[in-house]
Amino acid sequence: VSRQLKEEIRQGFARLEEPLAGLLAMLESSSDWKGKGHSLGYCITTELQLWIKEHPAVPQSGTKLKELQARVLGLLSQCPANLLEPLISIYQLHTADRTSLLQHVTQLYLQGDYKEAAILSIKLKLQPDQDVEKMCTPLLLQDKANLVEDYVGEYPELQRKLLQTLDTWCDPSFNIRDIARPYQGLSRCKPEKFNRRVLSKLVFRLLERFSVDPALCPNVINQRHLKTLNYLFYKRFVEKTMTEENWADHIQSTVGENRWLQGHLVQLLLRHCGVRGAARWARHCRLPPELLPRNVAEELQQLHIQDRVEEVTKADNYEDSKRDYYQLPIPRENIHFLQTWEETLQCWEKVLQPGKVVGVDMEWKPSFGMVGKPRVALLQLALKDEVFLLDLPRLLEQAEAEGEKEKLPRFIQMLYSDAAITKLGYGMSGDLSSLAAACSALKDTEKQMQSVVDLLAVDKQVDGLSPEHSHKERGVRQPERGLSLLVQHVLGKPLDKTEQLSNWEKRPLREEQILYAASDAYCLLEIYERLCKDPESFGLASDLTESLVGKQSKKPRAKKQLSKQEAPSPSGQECQGPRTEPSRPPAPMSPQEFSVVCDNMLQGLGRYLRCLGVDVRLLDHEDDHRRAAEIARQEGRVILTSGLPYQTLRSQVGEGRCFSVNCSEKAKDQALQVLRHFNVQVSLSDIFSRCQ
């Protein structure tokens, strides 16, 4: 608005006997202000708002103001959003009769102007006097979840009422169509967006945003726990990548004393373990006898010494199976589990020495899609001759009790910021993100890092085969990358990942967990030493040490949070390592051999790949991201996703079977990225070879 126009407007107000009534008369006789953008009416209104602040004696009061307030209410429903605040301020609607305001909003609601009624309620802070379910239901049917969040945003009691309502709708026995029936004919209604899956995702978002106790939403939480149960059975009995002890820990912490989940557990045990196996696990999990089918209850009574014989045999087989994996080269007594500050201070003295090379890793309990960020439960520090496992929750608790809660953050910051100590990690940025969730004082650690080597950056540079592998093996397509495979390529044997999804918060830790955690940190030392000693054998530059420590100590680059010991997101999220010859690509394949499932935010990419002949399945907009993992496992597809869902999905499929795409790029560039990564060779005959 020009200075001259502003001056004219202000002079006009000064000449008016009643500027508030004058503005209202102008708005009532004009319609230009009803459109979006900065109309003349908008300019005049905002200038009056500023002018009134400079002339506090102008505003009306008493009967005259009430008359103006009654008139302005009629205009508010037609107002663009940018005019609401100025008019509410000018006409002091926060002082108006609350009953009149509520009646006006009710009238808007009855006319079907649900969005306008909600926005006006928010501006006038009327929510405590309204029915939250009644106000929010039509908004949810119109897919206006963000407006619903704003509506309850400042009122914890309304947040709880809304969450309880949504949870009731998510009860499997509840007919969700009953909710939509009174709103038939609703304009801009999106019934496809109104289902249990979408509502469940909204509940989790609200629980996290408003820090509400999840126990308030038992239906949604039970359904998520049931999905976790199914996933754990898949990992143990189909994929066979989880130890019995690890699996049992998670089963018990997931089911607990919940009778509904216990009933589902019995059914899953029968399906996967048979009657005898179900009986054995029913006893192990202390399931109530009244929940068990008759055949399982009878079998439970027959169990005897045979179980102990099976346990002895299993222990022998366990030791044999471990010989195929990477073994710690240090004695067991050199692995120290630290739970007191006296022990931890001795660890500091050994670790914080100039010239030391320290392998750093962290473990946390898998969240399985529940509310909240993962919090580090164990910090591993490996030196040449010993490994320290720090019980973070216990140490933080002790420090807080002693009034020294900065003690642990101070040590960790000293370690990461000391340029004289080389720190080794794999996906270190993801570890630090979880560390900050456990201890907020560490949120800026990544910005202060010096002399850090993230072997994740090296992983994509390493030649896919170690020098010991024969030339004959070089023709075989190698498995996807990850720390375990890097250990196999460099040291000859892979890491045993069966404890990867352990419950790291449970104490005491099992012996298998202790050895796994120590191996994860110590193997970094051996990889680094081997690569520095003979980098050319692995296709790396000869100045490996200088380029790695030199570049990354100056400017660490943040990455998305990574799951434990998994391959990085291959979309440029990892730290940049030395510029060397690229690693050997996978064997070429045609688009006809390549099958993928695209997450629901990548529909454009999916359609583009289908044009090139790739076998593509697209998730619907209302599908939960987890649906991609189900399809991938059932049909042997690679998951294409982006952003936060990548962290959840990657742990639900085989290593390297989940690829993170850069969402900011165009579909064509995303497709090129995918084709290059998987070495898919497109010919002219492939284009439009599939039905579009």
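## A six-strand sheet and its helices

K423 stands opposite V452 in β6. This pair belongs to a predicted model. Strand β5, residues 422–425, is joined to β6 by three bridges, and the two run parallel.

Helix α19, residues 392–401, packs on the sheet. Helix α21, residues 428–438, lies across β2, β3, β5 and β6. The table sets out both helices.

| Helix | Residues | Strands touched or crossed | Angle |
|---|---|---|---|
| α19 | 392–401 | β1, β3 (376–382), β4 (387–391) | about 60° with β4 |
| α21 | 428–438 | β2 (357–364), β3, β5, β6 | about 60° to β2 |

Strand β3 appears in the list for α19. Strand β3 also appears in the list for α21.

Now the sheet as a whole. What is the order of its six strands? The order is β1-β4-β3-β2-β5-β6. The sheet is open, and its pairing is mixed. Strands β1 (335–338) and β6 (452–454) stand at the edges. Each has a single partner strand, so one side of each is left without a neighbour in the sheet. From one strand to the next, the twist averages 20°.

The wider protein gives the setting. Its secondary structure comes to 29 helices and ten strands. There are 692 residues, and buried residues make up 50% of them. Take the contacts between residues at least 6 apart in sequence: 70% join residues at least 24 apart. The exposed area is about 33,100 Å². Carbon and sulfur atoms supply 49% of that area.

Methods. Residues numbered from 1 in each chain as written. Predicted model: local features only at pLDDT ≥ 70, side-chain atom pairs only at ≥ 80, totals over all residues. Heavy atoms only, no water. Helix = DSSP H or I, 4+ residues; strand = E, 2+ residues; numbered from the N terminus. Buried < 20%, exposed > 50% of the residue type's maximum accessible area, 1.4 Å probe, protein only. Contact = heavy atoms within 4.5 Å. Areas by Shrake-Rupley, 256 points an atom, 1.4 Å probe, with all protein chains shown as cover. Pairing = 2+ DSSP bridges. Axes fitted to C-alpha atoms, helices over the stretch in contact; angles between N-to-C directions.
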